[in-house]
Amino acid sequence: MTVTAFRPRPPADQVARVTSTAAELLEVLWGRASTAPASASQLRVLFILEHHDGVNLRTLADSLASTPPSTSRLCDRLQAAGFVDRVVSPADRREVRLHLSSRGRAFLADLRTRRERELQVVLDQMSAAQRTALLDGLEAFCDAAAFRINDTDAQEPDSRTA
C-alpha cells in the first residue's frame with residue numbers, strides 16, 4: 001500500500017471551487033481559439049444539432065431553455081452562415097427539422113482542433129503522472145455529470161411557462 005492511499009479525501013466544496021476555477025481558465029484558453037463567426041449561443045445550437053440531428057425547433061428551444069421565436073432567430077443566422085440546414089418534415093409539412101450542414105461540421109471540427117492545441121500547451125507543462133491523474137478525474141467527473149444531467153432530465157417537469 002502506498003502513502004497516497006492514506007491521503008484524506010478533500011471536501012466536496014473545495015473540489016467544487018477548484019473545478020469552477022479550472023472551468024473558468026478553460027474558457028479563457030478556449031477564448032484564444034475564437035468561435036467567430038458563431039456566438040456562444042449559436043455554438044450551443046451547433047453542439048446540440050451535432051448530437052441530435054434532425055431535431056425540430058420546439059425541441060431545440062426546450063434544450064436551450066429558450067423560446068421558439070428566439071431559437072428560430074438563432075437558427076436563421078446559422079442558416080445564413082451556412083452552418084444549419086432546415087428541412088421540412090416528410091411526416092408534417094408544418095414541422096421543420098434542423099440539421100448541421102457539412103460547413104457546420106467542418107467549423108466544429110476546426111474549433112475543436114484549435115481548442116485542443118491551446119490545451120496541449122498547458123498539458124505539456126504537466127508530468128505524465130499528473131496528466132494521468134487529470135484524465136482519471138475528468139473521466140469520473142464526466143460520468144457523474146452525465147448521470148446527474150440524465151437523472152435530472154428524467155425527474156424534473158418542464159419548469160418554463162407559456
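Tutor: Contact here means heavy atoms within 4.5 Å. This is a predicted model, with residues numbered from 1 along each chain as its sequence is written, and side-chain values use heavy atoms, leaving out hydrogens and water. Local features need pLDDT of at least 70, side-chain atom pairs count only at pLDDT 80 or more, and totals for chains, interfaces and linings use all residues.

Student: Which residues is Gln42 in contact with, leaving aside its neighbours within four places in sequence?

Tutor: Start with its place: Gln42 is found in helix α2, where helices (H or I, at least four residues) and strands (E, at least two) are DSSP runs numbered from the N terminus. Gln42 is buried at 8% relative accessible area; buried means under 20%, exposed over 50%, partly exposed in between (1.4 Å probe, protein chains only). Beyond the sequence neighbours, its contacts are Pro37, Leu74, Arg77 and Leu78.

Student: How far does α5 reach from its first C-alpha to its last?

Tutor: Helix α5 runs over residues 102–123, which is 22 residues. The expected span of a helix is 1.5 Å times one less than its number of residues. For α5 that gives 32 Å, and the actual reach is close to it: 31 Å.

Student: How wide an arc do the buried residues of α5 cover around the axis?

Tutor: The buried set is Gly104, Phe107, Leu108, Leu111, Arg114 and Arg115. They sit on the same side of α5 because their arc around the axis is narrow enough, only 130°. The arc is that of the directions from the helix axis to the C-beta atoms. As background, an α-helix has 3.6 residues a turn, so residues three or four places apart point the same way. The arc for α5, again, is 130°.

Student: Which residues are exposed on the other side of α5?

Tutor: The buried side is covered by elements that include α1 (12–31), α2 (40–51) and β3 (96–100). On the other side of α5, the exposed residues are Ser102 and Glu116.

Student: Is α2 roughly parallel or roughly perpendicular to α5?

Tutor: The two helices pack at about 110°, with axes 11 Å apart. Axes are lines fitted to C-alpha atoms, for helices over the stretch in contact, and angles run from 0 to 180 degrees between N-to-C directions. Angles under 35 degrees count as roughly parallel, over 145 as roughly antiparallel, 65 to 115 as roughly perpendicular and the rest as oblique. So α2 to α5 is roughly perpendicular.

Student: Which residues of α3 are in contact with α4, and which of α4 with α3?

Tutor: The axes of α3 and α4 come within 9 Å and cross at roughly 100°. That angle makes α3 roughly perpendicular to α4. From α3 come Leu57, Arg58, Leu60, Ala61 and Leu64, and from α4 come Pro68, Thr71, Ser72, Leu74 and Cys75.

Student: What do the buried residues of α3 pack against?

Tutor: Leu60, Ala61 and Leu64 are the buried residues in α3. They fall within an arc of 100° seen down the axis, so they line one face of the helix. Their packing partners are α2, β1, α4 and β3.

Student: Which residues is Asn56 in contact with, leaving aside its neighbours within four places in sequence?

Tutor: Asn56 lies in strand β1 (residues 55–56). Asn56 is buried, at 15% relative accessibility. Its contacts outside that sequence window are Glu95, Val96, Arg97 and Leu98.

Student: What is the phi of Ala65?

Tutor: Ala65 sits in the loop between α3 (57–64) and α4 (68–80). Ala65 is exposed, with 59% relative accessibility. Most residues other than glycine have a negative phi, and most peptide bonds are trans. Ala65 is not a glycine, yet its phi is positive, about 55°.

Student: Is the peptide bond from Ala36 to Pro37 cis or trans?

Tutor: Pro37 is placed in the loop between α1 and α2. With omega near 10°, the peptide bond from Ala36 to Pro37 is cis.

Student: How many disulfides are there?

Tutor: A disulfide is a pair of cysteine sulfur atoms within 2.5 Å. Cys75 is buried at 0% relative accessibility, while Cys142 is partly exposed at 47%. By the sulfur rule, the number of disulfides is 0.
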